[in-house]
Amino acid sequence: MEALAKGSVVAVIGSGAMGSGIAQIAAASGHEVRLFDTRPDAAAKAIAEIGKVYDKLVEKGRMGAVDADLARERLKTVDTLAQVSDASLVIEAIVENLDAKRTLFADLEAIVDARCILATNTSSISVTAIAAPLRHPERLVGMHFFNPVPLMALVEVISGLATSKAVADTVYATAEAWGKDPVHAKSTPGFIVNRVARPYYAEALRLLLERAADPATLDAVMRDCGGFRMGPFELMDLIGHDVNFSVTQSVHAAYYGDQRYTPSILQQELVNAGFLGRKSGRGFYRYGADAAKPAPRVEPAQERPNTVGISVRREITNSIVSPMEARLADAGFSVTHREPLAGAEKHEAPAFHCNGAAIFLTDGRSATERAAANNHPNTVVYDLLLDHAKATRIALARADQCSDEAYYSVVGMFQAAGFEVTRIDDVPGMAVMRTVAMLANEAADAVNQGVCSAIAVDIAMQKGVNYPRGPLAWADSVGIEHVVTVLANLAATYGEDRYRVSPLLRRKLAANPTGARFHA
Ligand code: NAI
């Protein structure tokens with residue numbers, strides 16, 4: 001399907017944060033843009049601001065001076081809706097209110113040509129519901145941009161029940177022509193990103209509620225071990241707790257109270273207190289000139305142990321344990337291969353061993369539970385790392401039964417391998433593993449329910465919220481089997497439906513127990 005022709009008219013209704021960003025890129029991509037806003041002068045002010053942005057882009061060498069002048073000429077305000085009659089595409093970015101949007105589109109239908117595509121930038125309202133009263137609901141589609149529009153590459157192209165495939169495909173191709181990375185999605189609560197991202201906040205809030213560590217420590221673990229650009233607490237502070245809480249509440253309500261999306265009482269209290277994050281000067285952190293950013297918890301330097309062993313019982317060496325072995329070898333440890341723990345289950349290999357401590361990648365059980373199951377008190381678990389070679393930090397949890405001597409020798413081992421070592425309390429699944437498993441679970445359910453493809457969900461999370469890796473690609477690299485084990489152990493520990501395993505993960509695993517993957 002072809003993109004809208006350059007030179008064709010794109011009308012943008014609403015010139016706030018989103019509408020002006022959309023107008024900026026549409027004009028820069030060669031369209032004649034008509035910008036309309038009901039607030040007097042709002043559209044004109046927006047166009048003046050866009051002009052300044054073009055100037056800055058020219059200064060930085062990211063836009064040619066001639067291109068900027070041409071784009072500026074293509075941007076025009078209109079005073080009445082009737083003046084968008086020549087549009088090939090109208091993108092609505094007005095208030096997030098169903099009635100307001102329905103009224104606008106009903107008015108537009110009487111103005112525009114029969115072939116004009118109507119698009120809504122809604123982030124939370126059903127596209128099906130917005131389209132329903134139209135005479136031609138097949139021409140309405142969601143075109144969900146992310147804030148700030150010029151910088152965020154993702155566009156979710158949302159089809160409601162009536163949306164025609166040709167309309168969705170044209171909008172997809174047009175977004176691509178504008179330099180974006182579009183994905184197709186079905187109109188369902190939260191679409192892709194606002195649904196699949198829920199566990200990033202929810203698991204962090206649960207970890208804090210259970211006192212795994214303080215926000216600064218958990219943020220550091222998510223950044224330095226998980227490779228996320230921002231930790232969940234600093235990110236929620238940036239988004240604003242009122243906004244983040246209300247998105248969670250709306251997704252939770254839209255799925256009829258599914259426990260997966262249960263809002264957190266911790267966040268409710270922040271909202272109650274008016275501690276909304278950066279914008280109010282206080283959220284999880286304090287902001288302002290005299291506010292010092294708290295440091296994450298780090299273990300003091302320990303002696304380097306003499307020997308490190310690894311036991312591998314599986315035929316396929318776990319793809320996430322081999323790189324750890326490589327990093328330990330790089331640190332000068334001669335990692336000797338030894339027998340697994342006597343009497344332990346098959347899945348208890350591979351493990352590292354050091355001064356009597358058994359060290360496992362977390363499998364969703366607490367270290368304490370695992371120590372008891374293996375009858376091996378000196379048990380330490382570590383959290384998932386995005387990149388073993390580059391990670392600057394490792395998070396450990398020690399069993400309640402573990403001796404100080406055994407634990408600190410493990411700390412010394414990881415320190416010798418160049419990690420800052422952060423201990424979090426012994427919560428099941430730790431921080432990164434639990435979050436990634438839940439993100440992959442949610443992504444798998446979205447695919448299983450036909451909301452989007454596996455490729456689309458991974459693109460959406462990387463381009464819409466800057467995740468370092470798509471959740472399903474992450475499941476591939478951790479191993480779908482391990483992800484299922486983590487989730488099943490969390491489900492067993494909490495007894496909550498929240499941690500139920502997606503049927504698609506189970507199906508993939510059953511079809512191919514040793515090599516299940518989402519991506520080739
Ligand atoms: P905003 O409040 O900055 O701008 C909305 C603009 O629409 C205002 O200038 C207002 O005067 C104008 N407006 C209101 N009713 C109008 C009408 N009937 N006709 C013409 N203009 C009207 O809002 P923002 O943040 O730009 O959001 C706009 C839409 O985009 C909403 O549906 C929102 O849910 C969606 N969205 C917002 C994102 C964000 O991060 N801010 C991200 C993705 C989508």
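A residue counts as buried when its relative accessible area is under 20%, and as exposed when that area is over 50%. Partly exposed lies in between. Keep those cut-offs in mind for this tour of a predicted model.

**Stop 1: Met430**

Select Met430. It lies in the loop between strand E15 (420-423) and helix H16 (432-448). Is Met430 buried or exposed? Its relative accessibility is 0%, so Met430 counts as buried. Now check the backbone. Phi of Met430 is near 50 degrees, a positive value in a residue other than glycine. Most residues other than glycine have a negative phi.

**Stop 2: H16 and H19**

Stay with H16 and add helix H19 (residues 480-494). The two helices pack with their axes 9 Å apart, at an angle of about 105 degrees. H16 is therefore roughly perpendicular to H19. Which residues of H16 and H19 meet? Show Met433, Arg434, Ala437, Met438, Ala440 and Asn441 in H16. Facing them in contact are His482, Val483, Val486, Leu487, Leu490 and Tyr494 in H19. Sort the contact of H16 with H19 by class: nine residues are nonpolar, two are polar and one is charged.

**Stop 3: the annotated domain**

Select residues 360-428. An unreviewed UniProt entry places a feature here, "domain: 3-hydroxybutyryl-CoA dehydrogenase reduced Rossmann-fold". Over residues 360-428, helix makes up 30% of the chain and strand 23%. Pick the C-alpha atoms at the two ends of this stretch: they are 13 Å apart.

**Stop 4: Asn355**

Move to Asn355. Look for this residue in the loop between strand E11 (351-354) and strand E12 (357-361). Here is another positive phi in a residue other than glycine: for Asn355 the value is near 45 degrees. The relative accessible area of Asn355 is 47%, so it is partly exposed.

**Stop 5: H8 and H12**

Show helix H8 (residues 198-209) and helix H12 (residues 265-273). Their axes come within 9 Å and cross at roughly 90 degrees. So H8 is roughly perpendicular to H12. Where do the two helices touch? On H8, select Leu205, Leu208 and Leu209. On H12, select Ile265, Leu266 and Gln267. This contact of H8 with H12 has five nonpolar residues, one polar residue and no charged ones.

**Stop 6: Ser280**

Next, select Ser280, in the loop between H12 and strand E9 (308-311). Ser280 has 37% relative accessibility, so it counts as partly exposed. Leave aside its neighbours within four places in sequence. Ser280 is then in contact with Gly274 and Phe275. Now pick Gly240 as well. Ser280 and Gly240 are 40 residues apart along the chain, yet their C-alpha atoms are separated by 8.7 Å.

**Stop 7: a cis peptide bond**

Zoom in on Asn147 and Pro148. What is the form of the peptide bond from Asn147 to Pro148? It is cis, with omega near -5 degrees. Most peptide bonds are trans. Pro148 sits in the loop between strand E6 (140-145) and strand E7 (154-159).

**Stop 8: Asn121**

Go to Asn121, in the loop between strand E5 (117-120) and helix H5 (127-131). Asn121 has 8% relative accessibility, so it counts as buried. Which residues is Asn121 in contact with, leaving aside neighbours within four places in sequence? They are Met18, Ile22, Glu92, Ala93, Met143, His144 and Phe145.

**Stop 9: H3, face by face**

Select helix H3 (residues 65-74). Show Ala68, Ala71 and Arg74: these are buried. Look down the axis of H3. The buried residues fall within an arc of 120 degrees, so they line one face of the helix. An α-helix has 3.6 residues a turn, so residues three or four places apart point the same way. Turn to the other side of H3, where Val66 and Glu73 are exposed. What do the buried residues of H3 pack against? Add helix H1 (17-28), strand E2 (32-36), helix H2 (42-59) and strand E3 (75-77) to see the partners.

**Stop 10: Asp79**

Finish at Asp79, in the loop between E3 and strand E4 (89-92). Is Asp79 buried or exposed? With a relative accessible area of 67%, Asp79 is exposed. Add Asp37 to the selection. Asp79 and Asp37 are 42 residues apart along the chain, and 7.8 Å separates their C-alpha atoms.

Key: Residues are numbered from 1 along each chain as its sequence is written. This is a predicted model: local features need pLDDT of at least 70, side-chain atom pairs count only at pLDDT 80 or more; totals for chains, interfaces and linings use all residues. Side-chain values use heavy atoms; hydrogens and water are left out. Axes are lines fitted to C-alpha atoms, for helices over the stretch in contact, and angles run from 0 to 180 degrees between N-to-C directions. Helices (H or I, at least four residues) and strands (E, at least two) are DSSP runs, numbered from the N terminus. Angles under 35 degrees count as roughly parallel, over 145 as roughly antiparallel, 65 to 115 as roughly perpendicular and the rest as oblique. Contact means heavy atoms within 4.5 Å. Ala, Val, Leu, Ile, Met, Phe, Trp, Tyr, Cys and Pro count as nonpolar, Asp, Glu, Lys and Arg as charged, and the others, Gly among them, as polar. Buried means under 20% relative accessible area, exposed over 50%, partly exposed in between (1.4 Å probe, protein chains only). The arc is that of the directions from the helix axis to the C-beta atoms. UniProt positions are given in the numbering used here, feature names are shortened, and annotations may be inferred rather than shown by experiment.
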